[in-house]
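Me: I would like to go through this structure with you, beginning with one helix and then the sheet. Please state the terms as we go.

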Amino acid sequence: MGDAEGRRVVAGVSGSLGSLAALHRAAHEARRSHTELLAVLAWEPPGGDLAYRRSLLPSQATDFRQEAGERLLAALRTAFGDAGPGVPFQGLVARGTPGRALVETADRADDLLVVGAGCRGRMHRALFPSVARYCVAHAACPVLAVPPSPLRGELTSLHRRISLRLPLDARELTDGRS
């Protein structure tokens with residue numbers, strides 16, 4: 001497939017482990033299809049848009065946007081190091097809720113939107129709406145939801161054991177692994 005004008009792989013980035021996995025998959029898809037990678041980090045003003053319009057000075061708005069840009073750069077460095085993703089890419093900081101910002105950015109039928117599938121716990125789903133579900137329901141293009149790594153569960157279990165001060169045997173970490 002050649003370099004199609006306007007064709008992009010759009011990846012949602014938040015800095016979480018799930019979004020970093022999605023960013024790696026998006027880079028892979030961009031390499032495979034010879035397209036541009038667009039890494040998008042959405043930001044919302046503290047207190048929502050109404051509070052934002054009422055109370056913020058223009059310099060505060062710039063500060064929030066700049067902070068979001070720094071988070072995006074940090075996520076890109078974490079994911080790819082200094083070498084970058086190995087494909088042409090751009091970073092975009094978009095104001096709005098993550099799902100809406102991603103759907104509005106990936107607005108072409110030939111785009112591919114790549115998002116992390118997120119945490120599957122009931123409590124987490126109740127408190128935080130699923131960006132992946134929003135994107136699947138509202139996107140004008142195909143959406144690839146990247147599931148969490150199986151290692152995430154093991155890491156969570158390890159953190160829980162450490163925080164509860166339970167004994168930890170290093171052999172448990174390597175058993176059954178090649």
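Reply: Buried means under 20% relative accessible area, exposed over 50%, and partly exposed in between, with a 1.4 Å probe and protein chains only. This is a predicted model: local features need pLDDT of at least 70 and side-chain atom pairs count only at pLDDT 80 or more, while totals for chains, interfaces and linings use all residues. Residues are numbered from 1 along each chain as its sequence is written, and side-chain values use heavy atoms, with hydrogens and water left out.

Me: Which residues are buried in helix α4?

Reply: In α4, which spans residues 98-105, the buried residues are Gly99, Ala101, Leu102, Val103 and Thr105. Helices (H or I, at least four residues) and strands (E, at least two) are DSSP runs, numbered from the N terminus.

Me: What do the buried residues of α4 pack against?

Reply: They pack against the strands β1 (8-12), β2 (36-43), β3 (89-95) and β4 (112-116), and against helix α6 (131-138). Contact here means heavy atoms within 4.5 Å. The helix α4 lies across those four strands and runs at about 150 degrees to β2. For such angles, axes are lines fitted to C-alpha atoms, for helices over the stretch in contact, and the angles run from 0 to 180 degrees between N-to-C directions.

Me: On to the sheet. What is the order of its strands?

Reply: The five strands form an open sheet in the order β3-β2-β1-β4-β5, with parallel pairing. Two strands pair if DSSP finds at least two bridges between them.

Me: Why is one side of β3 and of β5 left without a neighbour?

Reply: β3 and β5 (143-146) stand at the edges and have a single partner strand each, so one side of each lacks a neighbour in the sheet. On average, neighbouring strands of this sheet are turned by 25 degrees against each other, direction ignored.

Me: How many bridges join β1 to β2?

Reply: Five bridges join these parallel strands. Valine 10 has leucine 38 of β2 as its bridge partner.

Me: Now the interior. Which residues have the most contacts inside the largest nonpolar core?

Reply: Val9, Leu23, Leu37, Leu72 and Val114 do, in a core of 24 residues. A nonpolar core is a set of buried Ala, Val, Leu, Ile, Met, Phe, Trp, Tyr and Cys residues joined through side-chain atoms within 4.5 Å. A second, separate core has 14 residues, including Val40, Ala94, Ala101 and Cys135.

Me: And what is valine 114 in contact with?

Reply: Beyond its neighbours within four places in sequence, valine 114 has contacts that include Val9, Val10, Leu144 and Val146.
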